[in-house]
Amino acid sequence: IPIYHYAKLLEWCGKLDEAEEKYLECLEICPEFARGLISYAELLKQKGQQDLANQFLQKSREVTKKRT
């Protein structure tokens, strides 16, 4: 998903707020994209939002579990 890669680039450049917007757009398009959920959770941790990050990590586990 190109928007995911754009979000990663923004995050790498330190543009966390812009990266967050793009991760959310990505997850609107594909809400069960496990890699996107994990990356977004990592970004939230960087921003000090541990509780919300844990929710997205849990969702990524659920999505991954469904596929196995």
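Helices here are DSSP runs of H or I with at least four residues, numbered from the N terminus. The structure is a predicted model, and a good place to start looking at it is helix α3.

Helix α3 covers residues 34-46, which makes 13 residues. From its first C-alpha to its last it reaches 19 Å, close to the 18 Å expected at 1.5 Å a residue. Much of the interest lies in what is tucked away along it: A34, G36, L37, S39, Y40, A41, L43 and L44 are buried. The cover over these buried residues includes α1 (2-12), α2 (16-29) and α4 (50-67). Just after α3 comes G48, which takes a positive phi of about 80°.

The buried side of the story continues in the core. In soluble globular proteins, nonpolar side chains tend to be buried together. In this model the largest nonpolar core has 19 residues, and Y23, Y40 and F56 are the ones with the most contacts inside it. Helices α1, α2, α3 and α4 are the elements that give two or more residues to this core, and α3 gives the most, with six residues. Y40 is worth a closer look. Leaving aside residues up to four places away in sequence, Y40 touches E20, Y23, L24, L27 and F56. Two of these partners, Y23 and F56, are named with Y40 among the residues with the most contacts in the core.

E20 is a charged partner of Y40, and it sits in helix α2. With a relative accessible area of 14%, E20 is under the 20% cut-off and therefore counts as buried. Again not counting residues up to four places away in sequence, E20 touches Y40, L43, L44 and K47. Of these, Y40, L43 and L44 are buried residues of α3. E20 also belongs to a network of salt bridges that links it with D17 and K47.

Salt bridges turn up elsewhere too, and the structure holds four of them. In the one between D17 and K47, the closest N and O atoms are 2.8 Å apart. This pair ties together distant parts of the chain, with D17 in helix α2 and K47 in the loop between α3 and α4, 30 residues apart. K47 itself is partly exposed, at a relative accessible area of 27%. Another long-range pair is E32 with K66, whose side chains meet in a salt bridge at 2.8 Å, N to O. Here E32 lies in the loop between α2 and α3 and K66 in helix α4, and the two are 34 residues apart. The two ends sit in unlike surroundings: E32 is partly exposed at 35% relative accessibility, while K66 is exposed at 59%.

A more local case is E25 with K22, where the closest N and O atoms are 3.2 Å apart. Both belong to helix α2, and because they are three residues apart, about one helical turn separates them. An α-helix has 3.6 residues a turn, so residues three or four places apart point the same way. E25 is partly exposed, with a relative accessible area of 32%.

Finally, there is some nonpolar surface to mention. Y6, L9 and W12 make a nonpolar surface patch of about 400 Å². L9 has its place in helix α1 and is partly exposed, with a relative accessible area of 45%.

Notes
Residues are numbered from 1 along each chain as its sequence is written. This is a predicted model: local features need pLDDT of at least 70, side-chain atom pairs count only at pLDDT 80 or more; totals for chains, interfaces and linings use all residues. Side-chain values use heavy atoms; hydrogens and water are left out. The expected span of a helix is 1.5 Å times one less than its number of residues. Buried means under 20% relative accessible area, exposed over 50%, partly exposed in between (1.4 Å probe, protein chains only). Contact means heavy atoms within 4.5 Å. A nonpolar core is a set of buried Ala, Val, Leu, Ile, Met, Phe, Trp, Tyr and Cys residues joined through side-chain atoms within 4.5 Å. A salt bridge is a side-chain nitrogen of Lys or Arg within 4 Å of a carboxyl oxygen of Asp or Glu. Patches are made of residues with over 30% relative accessible area and no salt bridge: like charges are joined within 9 Å, nonpolar side chains (Val, Leu, Ile, Met, Phe, Trp, Tyr) within 5 Å. Accessible areas come from the Shrake-Rupley method with a 1.4 Å probe; for residues, only the protein chains shown count as cover.
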